[in-house]
Amino acid sequence: MSSYVTRKTPGDTAWFTRDRFGMFIHWGLYAMPARHEWVKMREMIPEAHYDLYFKHFNPDLYDPREWARQAKAAGMRYAVMTTKHHEGFCMFDSQFTDYKCTNTPAGRDLIREYVDAFRAEGLRVGFYYSLIDWHHPEFPIDMLHPRRDDPDAREQSRGRDVRKYAEYMRNQVRELLTNYGKVDILWFDFSYGQRQGEGDKAWMKGKGKDEWESEELLGLARELQPGIIIDNRAEIEQDLWTPEQYQPTEWVRHYETGELVTWEACQTLSGSWGYHRDEQTWKSPEMLIRMLINTVSVGGNLLMNVGPTARGYLDARAEAALKVYADWMRYNSRSIYGCTMAEPDLLKALPPDCRMTQSLDGKRLYLHLFAYPFGHLLLRGLAGRVEYAQFLHDASEVRFTEGAVRHFSEGAAKADDLLVLELPPVRPGYLVPVIELFLR
Ligand code: GLC
C-alpha cells in the first residue's frame, strides 16, 4: 500500500485520485470573439457589442457525445465544464436569469446535453461555476470588471448589492446541483478578496468569501450533494488545491500544516482556456504526455482543457492533441490510473531522464523513459526487488541482470545493489515508453 497520506477533506476524493486525468471544457459566448475568455474585460467591450454574441450564438454542430468519445479515448475519466464563466452567460436553463443559452439561437440547455453525453460514456461529470460575473446588475464594478474604466463607473456601480448577487449564486448552484442528477465536482472560480483598486479606483474592492458568502454557498452545495469534490477558490478550504498554468515538481503541501494535499493541475492545450483562433502556443505531443506523467509522478491529477468553437466542435488542433493522449493512453494508462508517487526508497533509484509512478497497492513500479538511453538502464538499490519486467505497451519482456553490467570490460560497473535493464537499441512504443516492474 502507498504510504502517502493526504490531508482529510469533506468530499469523496478516493475515485478522483485513482482516475487522475480529466477534461476541462471552457465554452461560452467568448468562443465567438475567439480572443480569450477574458476578452470582455481585457478589451472593455461595450455591453451593446457583447450583446451581439448573445444574439448570434448558434452552436449548430454541438454534439457533446463526440466530445465525450474523444475524452474517453484520450483516457480522461471525468470532465468539468463551464456552466457560467466570468462573462456571466449561463450555459444552462436557469430560472434566475434571461442571460442564458435557451434564449439564444442555441435554444436548448447545453449543460443538460453535456451531462447526458458524458455520463453515457461512463465519465464523471463536474461543473465549473464562476464567482465573478460581468453581466449581473448587482455585481459591483471592481478592478477586474469590463466597465472599470468607464468615466461613470462609480455611478454605474452605486446601489449594486453584492448580497443579492450572492443569493443569485446560491439559487443557481441549487439548480445545478438539483436538476442534473449526481454531480461529482464543483469548481468555483475565483476569489481576490485581498485586492483593492488604486488611485482613482481606490473605491473598488476585491471580492472573496465575505462577498460570495462562501460559507453558505459551500454549505448548500454539501447539503445537496454530500460527496461532491469542491475546489478551494471560494476562499474557504475544501477538497482540492488547483495549481493553474504551473506544474508542481513536488507533491503539493498544505501551507500551514505541511500535510500532503489532494491537488489537480489545470492546464491548457494552447495559451487560452476559451477558444482562441489565432493563438499559436500549442503544446507539443511530448510535452502533453510528459505533463500527465509528471503530474502523477508527484501525486496529482491533471485537468486538461479544451475550448470548443462557437459552432460547438473541437477544432483540428484540439482533436490532434487529444489524439496524442489517446495513442499513448491506449497502451500505457496502467501507469496512470490507480498510480501515485513512488515510495521514497524506490525513488532513490530513479535514473536520469526518467519518471516513476507506483500502483497504489505498491506492487508495480512504472519507469517512464523521457530520454531513451543506449543499451542499459541502471537502477541502483533495486537488485533483489524485481520479480519480472516488461514494456507496458506490448508486454514484451525486458531482461535484467543484477549486481553488474555485463559488457566487454567485465567488472567496470559492478555493484551488489544494482539492477540493470537491457534495452533494445531502437526506442519502442509511442513517445514515452514505459517499463513495468513487478516488485517482489
Ligand atoms: C482563471 C481564469 C479563467 C479560467 C480558470 C481556470 O482563474 O480566470 O479564465 O477559467 O482560471 O483555472
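**Close-ups of a predicted two-domain model**

**View 1. Asp184 and its partner Lys182.** Asp184 is buried, with a relative accessible area of 8%. This is a predicted model, so take the close-ups as views of a prediction. The side chain of Asp184 meets that of Lys182 in a salt bridge, at 2.9 Å from N to O. In general, side chains of opposite charge can pair when their charged atoms come close. For the model as a whole, the salt bridge count comes to 31.

**View 2. Asp19 and Arg77, a pair from separate parts of the chain.** Here Asp19 forms a salt bridge with Arg77, and their closest N and O atoms sit 3.3 Å apart. Asp19 belongs to helix α1 (residues 14-19), while Arg77 is in the loop between α4 (64-73) and β2 (78-84), so the pair ties together parts that are 58 residues apart in sequence. The two ends of the pair fall into separate accessibility classes: Asp19 is buried at 10% relative accessible area, whereas Arg77 is partly exposed at 31%.

**View 3. Arg20, a non-glycine residue with positive phi.** Step along the chain from Asp19 and you reach Arg20, in the loop between α1 and β1 (21-25). Its backbone is the thing to look at: phi of Arg20 is near 65°, a positive value in a residue other than glycine. Is Arg20 buried or exposed? At 2% relative accessibility, Arg20 counts as buried.

**View 4. Arg277 and Asp278, sequence neighbours that pair up.** The side chains of Arg277 and Asp278 meet in a salt bridge, 2.9 Å from N to O. Arg277 counts as partly exposed, with 48% relative accessibility. Asp278 is partly exposed too, with 45%.

**View 5. A four-residue salt bridge network.** Which residues are linked here? Lys40, Glu47, Arg147 and Asp150 are joined in a network of salt bridges.

**View 6. Two cysteines, no disulfide.** The disulfide count for this model is zero. Cys90 is in no disulfide, and the nearest cysteine sulfur, that of Cys101, is 8.1 Å away. Seen from the other end, Cys101 is in no disulfide either, with the sulfur of Cys90 as its nearest cysteine sulfur at 8.1 Å. The cut-off for a disulfide is 2.5 Å between the sulfur atoms, so a separation of 8.1 Å does not qualify. As for accessibility, Cys90 is buried, with a relative accessible area of 0%, and Cys101 is buried, also with 0%.

**View 7. A cis peptide bond at Asp189-Phe190.** Look at the backbone here: the peptide bond from Asp189 to Phe190 is cis, with omega near -20°. Phe190 is found in the loop between β4 (185-189) and α8 (209-212).

**View 8. Where domain 1 meets domain 2.** The chain splits into domain 1 (14-337) and domain 2 (342-439). Their centres, taken over C-alpha atoms, are 40 Å apart. Across the boundary, 16 residues of domain 1 are in contact with 16 residues of domain 2. The size of an interface is often given as the accessible area lost when the parts come together. Between domain 1 and domain 2, the buried area is about 1,500 Å², and carbon and sulfur atoms give 61% of it.

**View 9. Charged and polar pairs across the domain boundary.** How many salt bridges are counted between domain 1 and domain 2? There is one. Glu436 pairs with Arg334 in a salt bridge, with the closest N and O atoms 2.7 Å apart. The two domains also have six residue pairs in polar contact between them. On the side of domain 1 that touches domain 2, the elements giving two or more residues are α10 (285-297) and α11 (316-332). Helix α10 supplies the largest share of that side, eight residues.

**View 10. Ala349 and Asp353, two residues of one loop.** Ala349 sits in the loop between α12 (344-347) and β9 (354-359). Ala349 is buried, with a relative accessible area of 4%. Leaving aside neighbours within four places in sequence, Ala349 is in contact with Met356, Leu378, Leu379, Arg380 and Leu382. His135 is elsewhere in the model: the C-alpha atoms of Ala349 and His135 are separated by 55 Å, with their positions 214 residues apart along the chain. Asp353 also lies in the loop between α12 and β9. Asp353 has a positive phi of about 65° although it is not a glycine, and at 47% relative accessibility Asp353 counts as partly exposed.

Terms used. Residues are numbered from 1 along each chain as its sequence is written. This is a predicted model: local features need pLDDT of at least 70, side-chain atom pairs count only at pLDDT 80 or more; totals for chains, interfaces and linings use all residues. Side-chain values use heavy atoms; hydrogens and water are left out. Buried means under 20% relative accessible area, exposed over 50%, partly exposed in between (1.4 Å probe, protein chains only). Domain bounds come from an automatic or database domain assignment. Contact means heavy atoms within 4.5 Å. Buried area is the accessible area (1.4 Å probe) that two parts lose on being put together, summed over both. A polar contact is a pair of N or O atoms within 3.5 Å; within protein, one must be able to donate a hydrogen and the other to accept it, and residues adjacent in sequence count only if both atoms are side-chain atoms. Helices (H or I, at least four residues) and strands (E, at least two) are DSSP runs, numbered from the N terminus.
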